[in-house]
Amino acid sequence: MSRKVAREVAMKLAFARLFGCDDTYAEVLEKSGIKDVPSESDIEFAEALLQGINEKSEEIDALINEISYEWSAERMSRVDYSILRIAIYEICYRDDIPDSVSINEAVELAKQFGGDQSPAFINGILGTVVKRLSSE
């Protein structure tokens with residue numbers, strides 16, 4: 001398995017938790033039809049992302065709302081919102097992941113799970129986050 005799949009599972013878990021569902025990593029794999037057996041490091045990576053989102057949710061959500069000023073988090077697709085939360089957490093708080101990887105992976109998730117406009121929307125928001133952070 002890979003970080004790409006671990007990130008996908010983390011996004012699905014983040015999405016499910018928005019609706020009060022407490023699925024596990026294994027349950028998401030089963031529901032998604034993913035047959036690969038995750039490594040311990042993949043599970044730890046996904047769990048670290050989820051824990052980080054929980055711990056930094058106020059800051060992440062404030063940044064989402066600030067940058068998408070005409071499209072608040074409450075109005076966003078829950079899929080787009082979940083993808084943005086994962087990617088913004090990675091960009092802002094994980095030095096071991098290049099920003100370009102976080103953006104690329106988020107856009108790929110948006111292509112797979114979001115609407116027609118999701119990839120461009122996600123790319124635009126994340127590009128603005130990176131520009132803002134690099135100017136600080």
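Helices α5 (residues 78-93) and α6 (residues 99-113) have axes that come within 9 Å and cross at roughly 170°. That makes α5 roughly antiparallel to α6 (over 145 degrees counts as roughly antiparallel, 65 to 115 as roughly perpendicular). Axes here are lines fitted to C-alpha atoms over the stretch in contact, with angles from 0 to 180 degrees between N-to-C directions, and helices are DSSP runs of H or I with at least four residues.

This is a predicted model, where local features need pLDDT of at least 70, side-chain atom pairs count only at pLDDT 80 or more, and totals for chains, interfaces and linings use all residues. Residues are numbered from 1 along each chain as its sequence is written, and side-chain values use heavy atoms, leaving out hydrogens and water.

On the α5 side, V79, I83, A87, E90 and I91 meet α6 residues that include I103, A106 and F113 (contact means heavy atoms within 4.5 Å).

Now for a second partner of α5: helix α3 (residues 40-55) packs at an angle of about 95°, with the axes 10 Å apart. That makes α3 roughly perpendicular to α5. Here F45, A48, L49, G52 and I53 of α3 meet R85, I86, Y89 and E90 of α5.

| Helix pair | Axes | Angle |
|---|---|---|
| α5 and α6 | within 9 Å | roughly 170° |
| α3 and α5 | 10 Å apart | about 95° |

Helix α1 (residues 3-18) joins in too: its buried residues pack against α2 (25-32), α3, α5 and α6. Among those buried are V5, V9, L13 and A16 (buried means under 20% relative accessible area, with a 1.4 Å probe and protein chains only). After α1 comes G20, with a positive phi near 80°.

Conventions:
Helix = DSSP H or I, 4+ residues; strand = E, 2+ residues; numbered from the N terminus. Parallel < 35°, antiparallel > 145°, perpendicular 65-115°, else oblique. Buried < 20%, exposed > 50% of the residue type's maximum accessible area, 1.4 Å probe, protein only.
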